[in-house]
Amino acid sequence: MYASTIVALAAMAGTASAFVAPSAFNGVAVQAPVKASSTVVMSADAMIGADVETGGIFDPANFAKDEGKLAKYRAVELKHGRISMLACLGMWVQSAGIHMPDPVFSESKPIDAFFKVLSERPAAAIQVLLAITWLETVAVKGDVGKEPGDVGNFGDNFKPADEGDYAALQLKELKNGRLAMMGIMGMLLQEALTGQSVFAQLSSGHVSHIALT
């Protein structure tokens with residue numbers, strides 16, 4: 001699962017751009033899904049997930065001003081959210097001691113696992129970095145007429161027939177992806193500060209919390 005750590009680092013680079021494609025949500029009903037390609041001009045108000053966390057469109061850098069790029073921004077947000085969700089899962093799996101039988105993958109702390117592979121199997125690390133480069137520059141460009149983030153026919157069997165249900169499912173993916181982007185950064189930072197894996201941090205009580213009164 002050392003790959004998950006590398007992928008997570010790449011995901012952090014795109015986190016800032018991932019949050020700049022806000023979309024509309026009135027807190028009661030979810031808008032119908034918007035179908036568009038990365039070349040279609042679309043409004044921020046026509047996109048799912050605008051004010052779920054912020055109570056309104058939050059765009060201090062005015063990224064949404066260029067409506068011709070909003071579909072691209074949404075595709076980037078979805079891609080990095082999906083990568084971060086997998087990276088978070090990888091952090092837990094690696095910390096649990098589940099890994100390939102090769103001793104080079106035996107390190108339970110993901111950051112240490114990455115540097116172990118980098119030092120002992122540099123060719124493998126280079127392969128992962130090349131795969132990330134391919135994902136960032138070539139793959140998942142989006143087809144004309146398809147929604148941002150729609151990768152071919154992948155996942156079609158799970159798409160609800162009802163537009164409202166489908167929009168609600170899209171919103172869930174956005175929210176979980178955003179949470180995962182923040183979560184993976186937090187897990188990597190905490191491991192770097194404590195020198196402990198996820199499970200080691202939990203077992204030693206290194207958990208920050210806010211007392212509710």
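Select Arg82 to begin: with a relative accessible area of 27%, Arg82 is partly exposed, a class that lies between buried, under 20% relative accessible area, and exposed, over 50%, as found with a 1.4 Å probe on protein chains only. The model is a predicted one, in which local features need pLDDT of at least 70 and side-chain atom pairs count only at pLDDT 80 or more, while totals for chains, interfaces and linings use all residues. Residues are numbered from 1 along each chain as its sequence is written, and side-chain values use heavy atoms, with hydrogens and water left out.

**From Arg82 to Glu173**

Add Glu173 to the selection, and the two residues are seen to form a salt bridge whose closest N and O atoms are 2.6 Å apart; the term requires a side-chain nitrogen of Lys or Arg within 4 Å of a carboxyl oxygen of Asp or Glu. Because Glu173 lies in helix H6 and Arg82 in helix H3, the pair ties together parts that are 91 residues apart in sequence. Glu173, too, is partly exposed, with a relative accessible area of 27%.

**The whole chain**

Zoom out and colour by secondary structure: the protein has 7 helices and 0 strands, where helices (H or I, at least four residues) and strands (E, at least two) are DSSP runs numbered from the N terminus. Buried residues make up 37% of the 213 residues. Among contacts (heavy atoms within 4.5 Å) between residues at least 6 apart in sequence, 73% join residues at least 24 apart. The structure holds 6 salt bridges.

**Helix H3**

Now select residues 70-95, the 26 residues of helix H3, which at 1.5 Å a residue should span 38 Å, in agreement with the 37 Å between its end C-alpha atoms; the expected span is 1.5 Å times one less than the number of residues. Since 20 of the 26 residues of H3 are buried, the helix is largely enclosed by the rest of the structure. H3 is followed by Gly97, whose phi is positive, near 85°.

**The largest nonpolar core**

Which residues make up the largest nonpolar core? Select Ala87, Cys88, Met91, Ile111, Ala180, Ile184, Met187, Leu188 and Val198, 9 residues in all. H3 and H6 each supply at least two residues of this core, and the largest share, 4 residues, comes from H6. Such a core is a set of buried Ala, Val, Leu, Ile, Met, Phe, Trp, Tyr and Cys residues joined through side-chain atoms within 4.5 Å. In soluble globular proteins, nonpolar side chains tend to be buried together. Centre next on Val198, which, leaving aside its neighbours within four places in sequence, is in contact with Met91, Trp92, Ser95 and Met187.

**Glu191**

Move to Glu191, which lies in helix H6 (residues 163-194). What is the nearest side chain of opposite charge to Glu191? That side chain is Lys109, 6.3 Å away, and Glu191 is buried yet has no salt bridge; for charge, Lys and Arg count as positive and Asp and Glu as negative, with His and the chain ends not counted. A polar atom of the Glu191 side chain does lie 2.9 Å from the backbone nitrogen of Ile111. When its neighbours within four places in sequence are left aside, the contacts of Glu191 include Met91, Pro110, Asp112 and Gln201.

**Salt bridges around H4**

Select Arg121 and Asp102, which form a salt bridge with their closest N and O atoms 3.0 Å apart. Arg121 lies in the loop between helix H4 (110-120) and helix H5 (122-137) and Asp102 in the loop between H3 and H4, so the pair ties together parts that are 19 residues apart in sequence. Both are partly exposed, Arg121 with a relative accessible area of 37% and Asp102 with one of 25%.

Continue to Glu120 and Lys116, whose side chains meet in a salt bridge of 3.1 Å, N to O. The two residues are 4 apart in helix H4 and are therefore separated by about one helical turn. Glu120 is partly exposed, with a relative accessible area of 45%, and Lys116 also counts as partly exposed, at 24% relative accessibility.

**A network to end on**

Last, select Arg74, Glu77 and Arg178, which are joined into one network by salt bridges that share partners. Arg74 is found in helix H3 and counts as buried, at 6% relative accessibility. The side chain of Arg74 makes a polar contact of 2.9 Å with the side chain of Glu77, a polar contact being a pair of N or O atoms within 3.5 Å of which, within protein, one must be able to donate a hydrogen and the other to accept it, while residues adjacent in sequence count only if both atoms are side-chain atoms. From Arg74, a C-alpha to C-alpha distance of 10.0 Å leads to Ala44, 30 residues apart from Arg74 in sequence.
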